[in-house]
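Please go through this protein from its overall fold down to single side-chain pairs. The text below is meant to be read with the model open.

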Amino acid sequence: MANYRLTLKGIENLQDELNRLGGIRLEAIQKKQLINLLDRARAPGGTPVDTGELRESSVVNFGDMTMGYTKEYAPHVEYGHRTVNGGFVQGQRFLQANVEAQREIYREDVLKAIRKGKR
């Protein structure tokens, strides 16, 4: 995968608790979230489009649970970059917006799984 990706970290305690509550599969919830992120990235407005190559480079890797872009210039579009004449092009924060939109969905899906596991 490319230089730019989203990785879910620090969820080991949550995984342990969900397993304790009845074998809730956090992996299935994570996969759903990654698919949602990918769908949003590929939808109109989800990724900045000039030639369309950046949007087309959006990928998910379920092996390491990441979603990202394979184009090497993706971080420059996300965070901004300097120009040759000393100027600065502001980042578009498209991936950050995508993650923020997914955050509440992820939270609700985990809470639903916990409630279901407590029954």
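The paragraphs that follow cover the fold, the nonpolar cores, the ring interactions and the salt bridges.

The structure is a predicted model. The protein contains five helices and five strands, and along the sequence these come in the order β-α-α-α-β-β-α-β-β-α. Of its 119 residues, 33% are buried. The exposed area of the protein is about 7,600 Å², and carbon and sulfur atoms account for 50% of that area. As for how the chain folds back on itself, take the contacts between residues at least 6 apart in sequence: 55% of them join residues at least 24 apart.

The interior is a good place to start. The largest nonpolar core is made of twelve residues: L34, L37, L38, A41, L54, M65, M67, Y69, A74, V77, F94 and L95. Which elements give two or more residues to this core? They are α2, β3, α4 and α5. Helix α2 provides the largest share, with four residues. Another core lies apart from this one and has six residues, including I11, L26, I29 and I114. Within the largest core, L38 can serve as an example of the packing. Leaving aside residues up to four places away in sequence, L38 touches S58, V59, V60 and M67; of these partners, M67 is itself listed in the largest core.

Two further members of that core, Y69 and F94, bring in the aromatic rings. The protein has one aromatic pair. Y69 and F94 form it in an edge-to-face arrangement, with 5.3 Å from centre to centre and 80° between the planes. Because Y69 lies in strand β3 and F94 in helix α5, the pair ties together parts that are 25 residues apart in sequence. Both Y69 and F94 are buried. A ring also takes part in a contact with a charge: the charged end of K31 sits over the ring of F62, at 5.6 Å from the ring centre.

The charged side chains come next. How many salt bridges does the count give? The count is six. One of them joins K32 and D109, with an N to O distance of 2.5 Å. K32 belongs to helix α2 (residues 26-42) and D109 to helix α5 (residues 94-118), so this pair ties together parts that are 77 residues apart in sequence. The two ends differ in exposure class: K32 is partly exposed, at a relative accessible area of 36%, whereas D109 is buried, at 15%.

E53 and K71 form another salt bridge, at 3.4 Å from N to O. This pair also links distant parts of the chain, 18 residues apart: E53 is in helix α3 (residues 53-56), and K71 is in the loop between β3 (66-69) and α4 (74-79). E53 is partly exposed at 38% relative accessibility, and K71 is partly exposed with a relative accessible area of 25%.

A third example involves E108 and R107, whose side chains meet at 3.1 Å, N to O. E108 counts as partly exposed at 27% relative accessibility, and R107 counts as partly exposed at 45%. This pair does not stand alone, since E104, R107 and E108 are linked in a network of salt bridges.

Conventions: Residues are numbered from 1 along each chain as its sequence is written. This is a predicted model: local features need pLDDT of at least 70, side-chain atom pairs count only at pLDDT 80 or more; totals for chains, interfaces and linings use all residues. Side-chain values use heavy atoms; hydrogens and water are left out. A salt bridge is a side-chain nitrogen of Lys or Arg within 4 Å of a carboxyl oxygen of Asp or Glu. Buried means under 20% relative accessible area, exposed over 50%, partly exposed in between (1.4 Å probe, protein chains only). A nonpolar core is a set of buried Ala, Val, Leu, Ile, Met, Phe, Trp, Tyr and Cys residues joined through side-chain atoms within 4.5 Å. Contact means heavy atoms within 4.5 Å. Accessible areas come from the Shrake-Rupley method with a 1.4 Å probe; for residues, only the protein chains shown count as cover. Rings of Phe, Tyr and Trp (its six-membered ring) pair if their centres lie within 6.5 Å; planes under 30 degrees apart count as stacked, over 60 as edge-to-face and the rest as tilted. A charge sits over a ring if NZ of Lys or CZ of Arg is within 6 Å of the ring centre and within 35 degrees of the ring normal.
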